[in-house]
Amino acid sequence: MEGFIHQIISGIATGGIYASVALALVMIYQATHHVNFAQGEMATFSTYIALVLIQLGLPYWVAFIGAFSISFVIGVSIERVLMRPVANAPVLTSVGVFIGLLLIVNSMTGWVFDYTIKQFPSPFPDKALFGGFVSGHELGSTGVTLSVLILVYLFFRHTRLGLAMRAAAFNPVSSRLVGVRVGWMLALGWGLAAAIGSVAGCMVAPVVFLDPNMMSGILLYAFAGALLGGIDSPLGAVLGGFMVGIIENLGGAYVVGTELKLTLALVIIIAVLTLKPSGLMGRRVYSRV
Amino acid sequence: MTVLLETKSLHAAYGETKVLHGLDFAVRQGGVTALLGANGAGKTTTLRALCGMVRTQGEIALAGKRIDGMATEDIVRLGVAHVPDGRGTFMELTVEENMRLGAYTRPAREATADFDRMFGYFPRLKERYRQQAGTLSGGEQQMLAIARALLLRPRLLLLDEPSFGLAPLIVREIFGIMRRIRDEEGVSILLVEQNATLALEFAEDAYLLETGRIVIAGKAAEISKDEGIRRSYLGY
Amino acid sequence: MKTFGPIAIFVLLAAVVPTLLFSGYHLFQMTMVVVYGVAILGLAILTGINGQISLGHGAFYAIGAYTTAILMSSWDVPYWATLPVSAVVCATVGFLVGLPALRLGGLYLALTTFALAVAIPQILKHKLFEDWTGGVQGLVIDKPDAPFGLPLSADQWLYLFSLAVGVVLYVLAINLTRGRIGRAMRAVRDHSVAAEAMGINLAMLKTRTFAVSAMYTGIAGSLGAIAVAFVAPDSFSVFLSITFFVGLVAGGAASIGGTIVGAVFIEFVPNLADLVSKAAPGAVYGVILIAMMFLMPQGAGGFIAMIWRRLARPGGQ
């Protein structure tokens, strides 16, 4: 029973990571109808930036915010440079560009920061809390990811800029007619998605150690979470991410064993797309012939 | 008459297909100008051209300033509000959010005062304030679209087929409100309508568009009295 | 076939020149070019011609490779006999994958196949199958010698064998895609609703295309396993699938001849790029992918096909 509770709590902690990456994916998907296959690699790159800042002597949270901000700028730049021409391109072209971006970011990470596995510090105490059910890092990481997700939610719901960004994602034509600069809203969306990715990377790196391919498995879980929750619903993506975290932990511990956890993600993806493609909270989209 | 908007030799095309062939027309300052024509004549394209939403050639001048070639977002900030065909409602957002977007280009405090004026014209919007806009009826969405446009405090209001798909009773209600708006807001209106009777009752000047060219131009009152024009072009 | 002449000459040259001029490692590289050509051809049939995007073809390559390796090491099946078995296995798996794929459009299929590609190494390493797959260490298989005492080295024989298999597969593919079925495949790619309205059975066509595509890439995997004489789970990571995708795009997606261009590209570019830095191959692939998408939506192969057409019609437009 104790092990079970610990698995659930662990699952919530990793779920927070998946929920963050899933949210980043859904934000970009909602606005552009493209899946950012490079989201994981961008998050890894951001984590390395944080490590560099820490090694330069900056306190942890300053480095954290630094990586957050730099990632934001990188996200905005990528959108402005690469994504304008791809906006209305056929699917094959856009998939090609995103895979290309994945390769470039992945290689750059390896080239700039080398391939040796590195340790990444955690700002939270190492000890087990609450009678051993949860580690300091798990609790802290869940707190951080939840806070970021809540802040993002408040931003979109209650600020003018957030409203403009949502409008640009839902209806770019009408948005232009009220004066919203749709292009820049997309760029901001990319920036925010990249910044959220950096949070996820910093929270997961202490556990899985930092190397250029750190996020490829996590990206898969995030995909599963985003699809499970509904790829056009940000709230759904967050819930989906947490659910996948719990399912992964329980499944890995009791059903398929830890070696097949990625397969579990694959099974979730196939199951969702076959049974309920719009996810738990997404809207059904009917296309007119 | 003072002219707010004027076009000279306006051409427009969708890709390779040319739709407008050299239009010359003007919108009177403070008045209502009607743009009539059958389906496919190019009326909607004309409004889109004025907003920079299609590729154009030729001149468009707003109060003497050239706006052809400008981006939509910038034309909007010069005081042009477009109520598109199909209403252009932000379906997933609430009525409140739709209205806030209408006031996007204005400082927040100013806009909130205007909200009350909008409720004065369209009390139903106040009732449905927190409802999702996609659940509103066609007539209510049309009201919302007009309110959204007015919240911009525009100099020029472009209306694309406000009567489309609405029951006659609702249409009359909306046109009644639009008369009040014309009198109280001091905004110039360019009205595109398939329903010629309605439009000619409301407007001072009228243009008739046929396959991308203006074939008739004149005072609305005279055109509606001319039986020949009515029979050949307007179908009644 | 009007182009029979030039193709026959090309095949003859391809058979003779490398065999005589190269040896050892370089001949091995030529063998891999043939192998990758067939692999990318499989992907071209599915994605380029039929429009179903797959980012997971490395999985089929792996299944073909492991089928051959397991048959050879556990049951001593001769290398050439493993090919038909591999073809059947991969076609079946492809068909089974094609069934749920019917419900997925472009992006979702890309996503799902991507997930498959990421998950495959884990499945291959799993304890359940360890007895056959050799687990993390993989399997070593014997490199075949030339039969009937022919005066050829093992490398030379492997190259000619792979070339022969490749030529047969390419000819079959050309026939398939030039005929009625090929037209149906393209129709489904370009406007599936209209295609269905014209009487094409969408489900049958798409699943069968998946089966054929998987079969081709699977046979390539078998040939590759024989050539390398070794299979291990980590050789079949997601990067393999991405590499095939890059090869597809570099060759022009829908061009059969372009797949050879793509194969040459993915065989030789990493070696050259590696001289610059370990990270360079990925970066080069990425830049080429993005550049192709922006500049030449039809890829280099499409460009070559266009020139070929111009040459074939001297007085024409």
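Two residues are in contact if their C-beta atoms, placed from the backbone, lie within 7 Å. With that convention stated, good morning, and let us turn to the structure, which is a predicted model.

I begin with the chains. Two pairs of chains touch, and of these the pair A and C has the most contacts. Chains B and C, by contrast, do not touch, and their nearest C-alpha atoms are 20 Å apart.

Let us look further at the A and C interface. Here 40 residues of chain C are in contact with 35 residues of chain A. On the chain C side, at least two residues each are supplied by helix 5 (106-125), helix 11 (238-251) and helix 13 (280-295). Which helix of chain C gives the largest share of the side that touches chain A? That is helix 5 of chain C, with 14 residues. As to the character of this side of chain C, 30 of its residues are nonpolar, seven are polar and three are charged.

I now move to chain B and its sheet. Strands of a sheet pair through backbone hydrogen bonds, either parallel or antiparallel. In chain B, six strands make up an open sheet with mixed pairing, in the order 6-7-8-3-9-10. Strand 6 (80-83) and strand 10 (213-219) of chain B each have a single partner strand, so each has one side without a neighbour in the sheet. From one strand to the next, the twist averages 15°.

Within this sheet, strand 7 (residues 156-160) and strand 8 (residues 188-193) of chain B run parallel and are joined by five bridges. To locate the register, one may take B:Leu156, which stands opposite B:Ser188 in strand 8 of chain B.

Helix 6 of chain B connects this part of the talk to the next. That helix lies across strand 6 and strand 7 of chain B, and runs at about 170° to strand 6 of chain B.

Helix 6 of chain B (residues 138-150) also packs with helix 3 of chain B (residues 95-102), at an angle of about 30° and with the axes 7 Å apart. Is this crossing left-handed or right-handed? The crossing of the two helices of chain B is right-handed. Helix 3 of chain B contributes B:Val95, B:Asn98, B:Met99, B:Leu101 and B:Gly102 to the contact, while helix 6 of chain B contributes B:Leu144, B:Ala147, B:Arg148 and B:Ala149. By class, the residues of this contact are six nonpolar, two polar and one charged.

Thank you for your attention.

Definitions and conventions:
Residues numbered from 1 in each chain as written. Chains lettered and ligands numbered in written order. Predicted model: local features only at pLDDT ≥ 70, side-chain atom pairs only at ≥ 80, totals over all residues. Helix = DSSP H or I, 4+ residues; strand = E, 2+ residues; numbered from the N terminus. Nonpolar A, V, L, I, M, F, W, Y, C, P; charged D, E, K, R; others polar. Axes fitted to C-alpha atoms, helices over the stretch in contact; angles between N-to-C directions. Left-handed = near helix turned anticlockwise from the far one by under 90°. Pairing = 2+ DSSP bridges.
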